[in-house]
Amino acid sequence: MRHGPEGRTTEGMIWGLQRRLLVLLMLPLGLVGMVSVFFHYQSAGTAALQQDQQLLRLVPLLADSVVVTRAGEQHRAPDSPMAAPGVAGLDGGPGLALLLAPPVEEFLKEREGFSAYGLQDANGRPLLGEGWLPTVLPATDGAEFLSVVEGGVTYRVVAQRYHTAAGELIVMLADGSDARQNWFESVLTRVLLPNLLLLVLAGMAVTWAVARALRPLIDLKQAVERRSPRDLSPIDTDSAPTEVRPLVSALNRLFSLVNAQTEAQRRFVADAAHQLRTPLAGLQAQVEAWAQAARRMDAGEQISLRVDQVRRLRDATRRTSQLANQLLALSRADTVSADSQPLQQVDLKELCETILSLFLDAAGDKHIDLGLESQPAQTQGHAWLLRELLINLVDNAVRYTPEGGRITLRCGQEDTASGPCAWIEVEDDGPGIPVEEQAHVLQRFYRVPGTEGEGNGLGLAIADEIARAHHTHLQLGAGALGRGLRVRVAFVAIAPTQGPHPAPSARAEV
């Protein structure tokens with residue numbers, strides 16, 4: 001016997017299943033037993049009714065068997081061995097004898113020791129038969145039934161007045177084979193004891209079968225418990241029972257998802273630490289320089305800063321803030337696949353108009369022509385993530401498009417071979433991305449060699465992560481006239497709102 005929490009868990013698992021199986025066995029067995037008892041009782045009642053009817057048929061024949069003899073004379077019919085000796089009549093009257101009819105004679109022979117008959121006069125005085133039969137005085141000529149216990153046997157007795165050859169007599173016939181007095185013993189031996197024996201055998205079989213059947217499952221449980229928290233390798237499905245293989249496959253899929261999630265978090269933490277090191281080091285260097293200068297000055301003096309120092313401090317602060325926001329967005333995009341939040345209906349045209357207004361000032365500072373070409377388009381998704389996706393695409397375009405350039409934000413809906421498709425698109429005429437680099441720029445913290453300007457290499461990676469969370473991907477290509485970059489994201493469209501289809505909107509420009 002195993003001890004400790006593990007042993008108690010295993011034992012509890014076995015006994016829990018055993019109790020369930022025993023209960024499931026006891027319920028039908030109990031139901032079968034109750035039905036059997038009911039039918040046995042019904043059968044006993046039917047037999048008792050048939051017994052009463054037989055007694056009613058035999059009583060007239062017993063009355064017809066009464067014959068009158070001379071006083072003190074015995075009479076025995078030569079063909080009737082059951083003829084009863086006569087008894088002297090009362091007050092010197094004639095004697096009585098019985099010449100039993102064959103049905104009555106057969107009845108008494110079959111139930112020898114458990115049957116009796118009796119003759120009483122009209123006042124209930126016994127004349128012939130068993131002396132233990134009670135005195136019964138029927139008030140009418142109808143038959144009366146009663147039960148009499150004699151010698152531990154319950155007799156069913158019928159008594160009825162008859163006008164016989166000897167005058168008016170009370171004829172009685174008793175049967176001790178009443179089925180109703182033996183039905184409990186019959187039920188005990190035929191129903192209850194077999195079912196109890198079956199239940200004991202079933203309990204022993206269930207105990208043995210559950211312990212044997214659960215052995216592979218218990219081994220699997222122990223193998224999982226002995227694993228290190230970092231060991232997320234798949235479990236061997238071939239060694240598991242056939243019935244448990246779907247569970248093992250589900251566990252392996254869960255291990256794979258957890259492993260991928262853990263790896264993504266580990267990579268995220270490492271990348272975040274690496275990328276934050278540079279701007280934080282710059283900030284720390286500036287602050288340390290000012291602190292050293294402050295140590296050589298009095299408390300009331302002021303530190304003067306050059307313009308280039310303030311600008312470097314501002315740039316480092318902006319870059320740190322932007323990197324922190326991008327890392328937060330990337331973390332949220334990583335976990336959205338496991339998020340249980342329901343999808344929402346997203347209006348892509350309204351989303352593009354909102355994002356356009358956010359970048360008007362930044363585009364104006366660089367004299368960039370920022371425009372919108374939109375048509376009604378709706379899809380299902382996470383609105384806050386799609387907003388983050390579009391912000392990163394537009395920010396990336398504004399950041400790398402030179403002064404006086406052109407950026408166009410588009411959205412629309414069209415029919416394709418796979419069904420209606422809603423899409424958004426950001427196109428610029430900046431330096432673009434070479435074809436051989438397009439697969440690499442979707443990786444985190446990757447920047448095309450020789451790219452001018454400051455950046456963290458996260459904008460397109462975040463957008464692609466969000467796109468994959470919506471079961472799609474970024475489509476990169478060249479812009480108009482082969483210049484710049486065009487990024488397109490296609491979604492599954494949902495039914496448009498009712499009403500006439502509005503015309504495409506004109507280009508809104510800055």
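**Contacts, aromatic rings and an internal cavity in a predicted model**

Among contacts between residues at least 6 apart in sequence, 65% join residues at least 24 apart in this protein. The structure is a predicted model. Its secondary structure comprises ten helices and 15 strands. Of the 510 residues in the protein, 37% are buried.

The aromatic side chains were examined first. One aromatic pair is found in a search of the whole structure. The pair is formed by Trp 132 and Tyr 155, and it is classed as tilted because the ring centres are 4.8 Å apart and the planes stand at 45 degrees. Trp 132 belongs to the loop between strand 5 (126-129) and strand 6 (144-150), whereas Tyr 155 belongs to strand 7 (residues 153-164). The two residues are 23 residues apart, and their pairing links distant parts of the chain. The partners also differ in their accessibility class: Trp 132 is partly exposed, with 24% relative accessibility, while Tyr 155, at a relative accessible area of 6%, is buried. The 6% of Tyr 155 is under the 20% limit, so the residue counts as buried. A further ring is involved in an arrangement with a charged group. Trp 423 has the charged end of Arg 488 over its ring, at 4.3 Å from the ring centre.

Empty space inside the protein was considered next. One cavity of 30 Å³ or more is present in the structure. The largest cavity holds about 40 Å³ of space. Its lining consists of Leu 393, Asn 396, Ala 397, Val 426, Asp 428, Leu 460, Leu 485 and Val 487. Helix 9 (383-400), strand 13 (419-428) and strand 15 (485-492) are the elements that give two or more residues to this lining. Helix 9 supplies the largest share, with three residues. Sorted by class, six of the lining residues are nonpolar, one is polar and one is charged.

Leu 460, one of the residues that line the largest cavity, is also among the buried residues of helix 10. Helix 10 spans residues 459-469 and is mostly covered, as nine of its eleven residues are buried. The buried residues are Gly 459, Leu 460, Ala 461, Ile 462, Ala 463, Asp 464, Glu 465, Ile 466 and Ala 467. Two residues of this buried group, Asp 464 and Glu 465, belong to the charged class. The residue His 471 follows helix 10 and has a positive phi, near 60 degrees.

The backbone at His 471 merits a separate description. Most residues other than glycine have a negative phi. His 471, although not a glycine, has a positive phi of about 60 degrees. His 471 is placed in the loop between helix 10 and strand 14 (474-478), and with 78% relative accessibility it is exposed. A second histidine, His 367, is likewise not a glycine and has a positive phi of about 55 degrees. His 367 lies in the loop between helix 8 (360-365) and strand 10 (369-374). Its relative accessible area of 58% is over the 50% limit, so His 367 counts as exposed.

A loop residue on the other side of helix 10 in sequence is Gln 438, which is located between strand 13 and helix 10. In contrast to the two exposed histidines, Gln 438 is buried, at a relative accessible area of 16%. Apart from neighbours within four places in sequence, Gln 438 makes contact with Ile 433, Leu 476 and Gly 477. Of these partners, Leu 476 and Gly 477 fall within the residue range of strand 14 (474-478).

Two residues in other helices complete the description. Gly 30 is part of helix 1 (residues 4-64) and is partly exposed, with 33% relative accessibility. The C-alpha atoms of Gly 30 and Leu 199 are 9.9 Å apart in space, although 169 residues separate the two in sequence. Val 224 is part of helix 4 (residues 215-225); at 31% relative accessibility, Val 224 is also partly exposed. Val 224 and Ile 235 are eleven residues apart in sequence, and the distance between their C-alpha atoms is 8.5 Å.

Conventions: Residues are numbered from 1 along each chain as its sequence is written. This is a predicted model: local features need pLDDT of at least 70, side-chain atom pairs count only at pLDDT 80 or more; totals for chains, interfaces and linings use all residues. Side-chain values use heavy atoms; hydrogens and water are left out. Rings of Phe, Tyr and Trp (its six-membered ring) pair if their centres lie within 6.5 Å; planes under 30 degrees apart count as stacked, over 60 as edge-to-face and the rest as tilted. Helices (H or I, at least four residues) and strands (E, at least two) are DSSP runs, numbered from the N terminus. Buried means under 20% relative accessible area, exposed over 50%, partly exposed in between (1.4 Å probe, protein chains only). A charge sits over a ring if NZ of Lys or CZ of Arg is within 6 Å of the ring centre and within 35 degrees of the ring normal. On a 1 Å grid over the protein atoms alone, a cavity is a set of points where a 1.4 Å probe fits but cannot get out, and a pocket is an open set with protein on both sides within 12 Å along at least five of seven lines; lining residues have an atom within 4 Å of a point. Grid points are joined across faces, edges and corners, and a volume is the space filled by probe spheres set on the points. Contact means heavy atoms within 4.5 Å.
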